[in-house]
Amino acid sequence: MTASPSAAPRGESPAGGTFETFDEASFRQVLARFATGVVVVTGTAGDGPVGLTCQSFSSLSLDPPLVLLSTARTSRTWPRIEASGRFAVNVLGDDQRDLSERFAVSGGDKFAGVAWRQGALGNPLLDGAIAHLECDVHAVHDGGDHVIVIGRVRALEAPGLEERAPLVYFRSAYRTLAG
Ligand SMILES: Cc1cc2nc3c(=O)[nH]c(=O)nc-3n(C[C@H](O)[C@H](O)[C@H](O)COP(=O)(O)O)c2cc1C
């Protein structure tokens, strides 16, 4: 597909060309062609474990060990995790779509019936995830309608890594790796 040619240009770039010659639907459709894994970001709020599904996760720095994700400003869960100062990243396996969907719903007790345990640093780790990282909140930056979260990795583990395939999200649908 091409970015919508019908949308009117909205401005001039510093170099003199036009920019934002696309609409929001085109933006979403083009970005949806970037395949990602799926993680559930978990933490502990005053009354127990909390979490939300994210695909905006990536590694950032080796030294120091940093990871990055972004959360919508509308997220009800992220501010509660941020207040605690630490979180876990649970990388989902390809048999964990149900967990991705459960943690992508705002409100309610997302942990009801979910198997988890406390990690070395006290963060909730979801059973069956193919990797776990426990992080301190290192920095939070402005990211438009999201905030950019940088986590300093304090502990990690990859249980059963050799056998498990990741859950993949591509063009608004869950996928599995073909090869
Ligand atoms: C596959 C998938 C990926 C998602 N990635 C993100 C993300 O990177 N950042 C984000 O803020 N929300 C993301 N969401 C949406 C949140 O999980 C969803 O808005 C959730 O309801 C937020 O819950 P909360 O209000 O309890 O924070 C994603 C949802 C799905 C299904």
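Visitor: Which residue does leucine 66 stand opposite in E12?
Guide: In this predicted model, leucine 66 stands opposite arginine 152, which belongs to E12.

Visitor: And how do E7 and E12 pair, and over how many bridges?
Guide: E7 and strand E12, which covers residues 146-157, pair in the antiparallel sense, and the pairing runs over 7 bridges. Another facing pair involves leucine 68, which stands opposite isoleucine 150 in E12.

Visitor: Leucine 68, then: which strand is that in?
Guide: Leucine 68 has its place in strand E7.

Visitor: Does anything face it from E6, I mean, what stands opposite leucine 68 there?
Guide: Serine 58 stands opposite leucine 68 of E7, and the strands concerned, E6 and E7, run antiparallel and are joined by 3 bridges.

Visitor: What does leucine 68 touch?
Guide: Leaving out residues up to four places away in sequence, leucine 68 touches Ser58, Leu60, Ile148, Val149 and Ile150. As for arginine 152, leucine 68 is 84 residues from it in sequence, while the C-alpha to C-alpha separation in space is 9.1 Å.

Visitor: Why does leucine 68 count as partly exposed?
Guide: Leucine 68 counts as partly exposed because it has 17 C-beta neighbours inside 10 Å, whereas a buried residue would need 20 or more and an exposed one would have 12 or fewer.

Visitor: Zooming out, what order do the strands of the sheet come in?
Guide: The sheet is an open one of 7 strands, in the order E5-E4-E8-E11-E12-E7-E6, and its pairing is antiparallel. The strands at its edges are E5 and E6, the latter covering 58-61, and each has a single partner strand, so one side of each is left without a neighbour in the sheet. From one strand to the next, the twist averages 40°.

Visitor: What holds paired strands together, in general?
Guide: Strands of a sheet pair through backbone hydrogen bonds, and they can do so in either a parallel or an antiparallel way.

Visitor: Back to E6 and E7: how many residues lie between them in the hairpin?
Guide: The hairpin formed by E6 and E7 has 4 residues between the two strands. Proline 64 lies in that loop between E6 and E7, and the peptide bond leading from aspartate 63 to proline 64 is cis, with omega near 5°.

Visitor: Different topic: what surrounds the ligand?
Guide: The ligand is surrounded by 18 residues, and the closest of them are Cys54, Ser56, Ser75, Thr77 and Ser106. By class, this shell has 8 nonpolar, 9 polar and 1 charged residues.

Visitor: Which strands each supply at least two residues of that shell?
Guide: Strand E5, at 48-54, and strand E7, at 66-72, each supply at least two residues of the shell around the ligand.

Visitor: And the largest nonpolar core, which residues have the most contacts inside it?
Guide: The largest nonpolar core has 28 residues, and those with the most contacts inside it are Val39, Val40, Val41, Val89 and Leu92. The elements that give two or more residues to this core include strand E4 (39-45), helix H2 (78-84), strand E8 (86-91) and strand E11 (131-143). E8 gives the most to this core, with 4 residues.

Visitor: What does leucine 92 touch?
Guide: Not counting residues up to four places away in sequence, leucine 92 touches Val38, Val39, Val40, Leu99, Ser100, Ala129 and Leu167.

Visitor: How many helices and strands does the protein have?
Guide: The protein has 3 helices and 14 strands, and of its 179 residues, 25% count as buried. Among contacts between residues at least 6 apart in sequence, 62% join residues at least 24 apart.

Visitor: Last thing: what is phi of arginine 171 near?
Guide: Phi of arginine 171 is near 50°, which is a positive value in a residue other than glycine. Arginine 171 is found in the loop between strand E13 (168-170) and strand E14 (173-175), and serine 172, which also lies in the loop between E13 and E14, has a positive phi of about 65° although it is not a glycine.

Visitor: Are those loop residues, arginine 171 and serine 172, buried or exposed?
Guide: Arginine 171 is exposed, with 10 other C-beta atoms within 10 Å, and serine 172 is exposed, with 8 other C-beta atoms within 10 Å.

Note on methods. Residues numbered from 1 in each chain as written. Predicted model: local features only at pLDDT ≥ 70, side-chain atom pairs only at ≥ 80, totals over all residues. Near = placed C-beta within 6 Å. Nonpolar A, V, L, I, M, F, W, Y, C, P; charged D, E, K, R; others polar. Pairing = 2+ DSSP bridges. Axes fitted to C-alpha atoms, helices over the stretch in contact; angles between N-to-C directions. Contact = placed C-beta atoms within 7 Å. Core = buried A, V, L, I, M, F, W, Y, C linked by C-beta atoms within 7 Å.
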